[in-house]
Amino acid sequence: MSRKKNFFAGPSVLPLEVLDQLHEDLLDYKGYGVSMIEASHRGQPFEGMYNETLALLRELMNIPEDYEVFFLGGGATLQFSMIPMNFLAPHTVADYIKSGTWANKATEDAAKIGDVNIYYDGTDTKFSSLPDPKSVHPSENSSYLYLCSNETIGGIEWKDWPETGSVPLIADMSSDLLSRPVPVEKFSMIYGGVQKNLGPAGATLVILKKDMLERQNKNLTAYLDYKLHVKGEGLYNTPPVFSIWGVKLVLEWIKRNGGAEGMAKEPP
Ligand SMILES: Cc1ncc(COP(=O)(O)O)c(C=O)c1O
């Protein structure tokens, strides 16, 4: 069979080994007598698969202990508004690097919630430039500095990261996740839709430094409150089960192929 590859919007190509494994285990997940996509998310076999997925992510991305890791629905797009709703305090400002389609959408949503300072604007260069990371020093009063690590449409990618001191650094890494080693400890939050790099569409990976929960705005509705997802260990409501299962298989494939360092070389 000749397989076509999607380089257009939405989901991307998955390793054939992963598709084979999904196919093989679809009807009866590892002898449990039930499919993973029929099983409750409040019992085995889901819990075993879920915990292995989180452990693999921690291992492959080298995620420190003081970070929470969970999956949400709503795509990366939901995070454009959830981030300011949670972390842009009233009467304060957040810094945004306007680098292209995706950062711009995040900027527009944040401006509906609070004050946005466009720290760097790539408009004049038609979004073909980024600031030198060493020159980025947000003011201490900033609620956070936001960037998109890889502008999937414009194709511009950060090679190094700003040191933001006490100002939390937040990054959309939707099309960058596990494509190269990333020093997670430099960021207060990393998130991304999994459908580009890590699995089938449906789940959004959120990696959140625990101390961010102390900075949250109050009176958030349930789903939009990161704290509830942390308290519920990512299972506050029904998670995108199929997508997470696919992520687990892709992570195993990434591990077999040299981890983040392996992905940064020639694709296998
Ligand atoms: C960098 C980046 N951010 C955000 C999005 C939006 O993601 P979603 O469709 O999961 O909402 C995309 C989609 O391709 C993207 O590439």
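**Close-up 1. Glu157 and Lys159 in a salt-bridge network of the predicted model.** Glu157 is partly exposed, because its relative accessibility is 24%. Its side chain meets that of Lys159 in a salt bridge, 2.6 Å from N to O. Lys159 is exposed, with a relative accessible area of 67%. The pair does not stand alone: Glu157, Lys159, Asp176 and Arg180 are linked in a network of salt bridges.

**Close-up 2. Asp176 and Arg180, two further members of the network.** Arg180 forms a salt bridge with Asp176. The closest N and O atoms of this pair are 2.6 Å apart. Both residues are buried: Arg180 has a relative accessible area of 14%, and Asp176 has one of 1%. Buried here requires a value under 20%. Lys159, also in the network, is exposed at 67%. By the rule applied to this model, the salt bridges number nine.

**Close-up 3. A salt bridge between helices H6 and H2.** The side chains of Lys248 and Glu52 meet here, at 3.3 Å from N to O. Lys248 belongs to helix H6 and Glu52 to helix H2, so the pair ties together parts that are 196 residues apart in sequence. What is the burial state of each partner? Lys248 counts as buried, because its relative accessibility is 3%. Glu52 is partly exposed, with a relative accessible area of 42%. Side chains of opposite charge can pair when their charged atoms come close.

**Close-up 4. Helix H2 and what covers its buried residues.** Helix H2 runs over residues 46–61. How far apart are its end C-alpha atoms? They are 22 Å apart. At 1.5 Å a residue, 16 residues should span 22 Å, so the helix agrees with expectation. The buried residues are Phe46, Gly48, Met49, Tyr50, Thr53, Leu54, Leu56, Leu57, Leu60 and Met61. Their cover includes two strands, E1 (67–72) and E9 (204–209). It also includes two helices, H6 (241–256) and H7 (259–264). Helix H6 also carries Lys248, the salt-bridge partner of Glu52 in H2. Asn62 follows H2 and has a positive phi, near 55°.

**Close-up 5. Strand E7 paired with strands E4 and E8.** Strand E7 covers residues 169–172. Leu169 and Ala171 point one way from the strand. Ile170 and Asp172 point the other way. Which of these four residues are buried? All are. Strand E4 (residues 142–148) pairs with E7 in the parallel sense, over four bridges. Leu145 has Leu169 of E7 as its bridge partner. Strand E8 (residues 189–193) also runs parallel to E7, and three bridges join them. In E8, Ile190 is the bridge partner of Ala171. Leu169 and Ala171, which point one way from E7, thus appear in the bridges to E4 and to E8.

**Close-up 6. Thr107 in helix H4.** Helix H4 spans residues 101–113, and Thr107 lies within it. Is Thr107 buried or exposed? Thr107 counts as buried, because its relative accessibility is 7%. Which residues does Thr107 touch, leaving out those up to four places away in sequence? They are Tyr96, Lys98, Val116 and Ile118.

Key: Residues are numbered from 1 along each chain as its sequence is written. This is a predicted model: local features need pLDDT of at least 70, side-chain atom pairs count only at pLDDT 80 or more; totals for chains, interfaces and linings use all residues. Side-chain values use heavy atoms; hydrogens and water are left out. The expected span of a helix is 1.5 Å times one less than its number of residues. Buried means under 20% relative accessible area, exposed over 50%, partly exposed in between (1.4 Å probe, protein chains only). Contact means heavy atoms within 4.5 Å. Two strands pair if DSSP finds at least two bridges between them. A salt bridge is a side-chain nitrogen of Lys or Arg within 4 Å of a carboxyl oxygen of Asp or Glu.
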